[in-house]
Amino acid sequence: MSAEQRSRLVVVSNRVAATTKGVRAGGLAVALLDALKESGGLWFGWSGKVSDSTRVSTRQIERGRLSAVTADLSNEDYEEYYNGFANRTLWPLFHYRTDLTRFDRDDYQGYIRVNQRFAHALKPLLRADDLLWVHDYHLIGFGEELRRMGAQQTMGFFLHIPFPSPEVLTALPVHDVLVRALFAYDVLGFQSESDRRSFLDFVATEAGGRIDPEGRAHAYGRRVDTAVFPIGIDSSEFARYAVSGEAKTHAGRMARVLRDRLGVIGVDRLDYTKGLPERFRAFARFLEAYPENRGRVSFVQLAPPSRADVPEYVGIRRELEGLAGSINAEFSEFDWTPLRYINRSFSRRALAGIFRLARVGLVTPLRDGMNLIAKEFVAAQASRDPGVLVLSRFAGAARQGADGALIVNPYDIQGVADAVHSALGMSLSERKERWQSLIASVREHDVTAWRESFVRRLQAAQRADRRH
Ligand code: ADP
């Protein structure tokens with residue numbers, strides 16, 4: 001098919017990465033923009049602004065065939081849809097934190113209202129043969145709202161976070177309505193096979209549906225295709241970042257602090273799913289169990305605060321401040337600080353430089369859809385002297401060619417401490433061998449492969465639809 005004959009791609013996500021000033025940083029933004037440029041396209045979502053107006057502002061972000069359309073949220077929308085149902089209900093529940101999951105009917109109504117309003121705003125802009133690619137847990141109901149308005153286009157949905165097992169999902173009072181809404185799509189994409197299995201399990205056990213041999217789910221009188229599309233990064237770009245001037249400046253600053261000590265690095269959004277208190281305790285246990293490392297190893301944790309309007313995030317921040325303080329009080333020497341805990345964000349180039357200098361990357365979420373930090377750490381390493389990745393078995397990244405990592409259970413504090421110890425003592429030849437295997441997988445399953453495979457699947461669904 002020539003480019004001219006191809007359907008236009010319409011990407012719908014909570015945040016739109018393209019702005020009048022250019023493209024917001026991030027591999028995902030770049031990858032999706034590439035896809036949009038290739039086929040001509042439209043990116044629709046929240047502007048990131050909270051205002052009284054519910055006006056939808058259209059922005060042409062690039063000359064040619066690409067445009068971005070954004071809508072503001074009202075204060076009520078922001079509280080109910082974004083802080084409420086998306087981030088206090090779905091986010092904790094889908095990450096298996098039923099203890100932190102709060103359900104509020106008003107929030108749920110707000111979520112539905114914003115999904116409806118977004119669908120309403122996009123509908124008049126759609127062309128008959130558009131392909132729609134909707135992203136993530138904020139917009140589960142978006143496709144169904146569009147269908148209610150008569151949209152016939154082929155639509156796919158990709159879930160960036162885990163899909164919980166039916167036992168966990170059914171804790172949500174509106175679980176059935178939500179899963180039914182997913183059947184408005186033609187293609188459902190998951191990060192890993194276990195997420196897809198959880199969805200199919202729900203369909204079979206809770207929705208009274210069936211799964212056909214091609215993996216399609218049938219329920220509620222509808223059918224949806226399901227597949228796994230593990231997301232990746234732009235590995236060559238990240239490797240270039242790691243040798244940029246900015247990367248070297250930051251690596252130099254870190255080297256001056258470390259002097260000849262070995263660096264252990266953790267980088268995460270400050271979120272209770274990332275296993276940060278457990279990780280801090282594991283580092284303290286490592287210093288207790290292997291005291292010869294005191295004064296010799298330093299742990300640097302970067303964690304910019306996120307979702308500060310959600311109370312659970314205030315709690316985790318306080319807990320970490322307390323833990324960091326007590327670990328440093330217990331183990332510090334005049335000339336050595338064991339743990340550096342920094343609550344701010346760094347540029348991607350700076351991160352790449354810091355990753356490259358570290359001997360160990362600690363990526364220990366309690367649950368994570370994929371975890372791109374794990375891949376970025378690998379991509380940033382120098383082939384001559386690569387660091388070791390210590391990776392939680394509960395990150396999607398561990399289910400995907402991660403044999404080269406030291407796989408840990410983040411709840412096992414002693415186990416993580418032991419893994420840090422093994423990583424620090426690992427020979428150069430073993431480090432190289434492990435890294436070679438990791439980087440091969442990071443390169444193969446990069447963000448372009450992810451995006452292309454999803455779009456191909458959508459195109460196949462569109463062709464199948466036309467035949468019927
Ligand atoms: P999540 O989507 O839950 O935040 P991921 O690990 O999949 O987790 O993606 C996080 C992204 O945010 C990565 O691309 C990473 O580089 C970026 N990031 C995380 N922490 C920081 C930080 N301290 N400074 C800059 N970027 C960060």
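**Figure 1. Helices α12 and α13 are roughly perpendicular to each other in this predicted model.** The description rests on the helix axes, which cross at roughly 70 degrees; angles of 65 to 115 degrees count as roughly perpendicular. The axes of α12 and α13 come within 8 Å. The crossing of these two helices is right-handed. In general, two packed helices are described by the angle between their axes and the distance between the axes.

**Figure 2. Helices α12 and α13 contribute to the shell around the ligand.** Helix α12 spans residues 348-357 and helix α13 spans residues 372-380, and each supplies at least two residues of the shell. The most is given by α13, with 3 residues.

**Figure 3. The shell around the ligand holds nonpolar, polar and charged residues.** The ligand is surrounded by 14 residues, of which Arg269, Lys274, Pro304, Phe346 and Glu376 come nearest. By residue class, the shell divides into 6 nonpolar, 2 polar and 6 charged residues.

**Figure 4. Side-chain and backbone atoms of the protein lie at short listed distances from ligand oxygen and nitrogen atoms.** For Arg269, a polar side-chain atom lies 2.7 Å from an oxygen atom of the ligand. For Leu372, a backbone N or O atom lies 3.1 Å from an oxygen atom of the ligand. For Arg344, a backbone N or O atom lies 3.5 Å from a nitrogen atom of the ligand. The ligand taken alone exposes 570 Å², and the protein buries 78% of that area.

Conventions:
Residues are numbered from 1 along each chain as its sequence is written. This is a predicted model: local features need pLDDT of at least 70, side-chain atom pairs count only at pLDDT 80 or more; totals for chains, interfaces and linings use all residues. Side-chain values use heavy atoms; hydrogens and water are left out. A residue is near a molecule or strand if one of its heavy atoms lies within 4 Å of it. A polar contact is a pair of N or O atoms within 3.5 Å; within protein, one must be able to donate a hydrogen and the other to accept it, and residues adjacent in sequence count only if both atoms are side-chain atoms. Accessible areas come from the Shrake-Rupley method with a 1.4 Å probe; for residues, only the protein chains shown count as cover. Helices (H or I, at least four residues) and strands (E, at least two) are DSSP runs, numbered from the N terminus. Ala, Val, Leu, Ile, Met, Phe, Trp, Tyr, Cys and Pro count as nonpolar, Asp, Glu, Lys and Arg as charged, and the others, Gly among them, as polar. Axes are lines fitted to C-alpha atoms, for helices over the stretch in contact, and angles run from 0 to 180 degrees between N-to-C directions. Angles under 35 degrees count as roughly parallel, over 145 as roughly antiparallel, 65 to 115 as roughly perpendicular and the rest as oblique. A crossing is left-handed if the near helix is turned anticlockwise from the far one by less than a right angle, and right-handed if clockwise.
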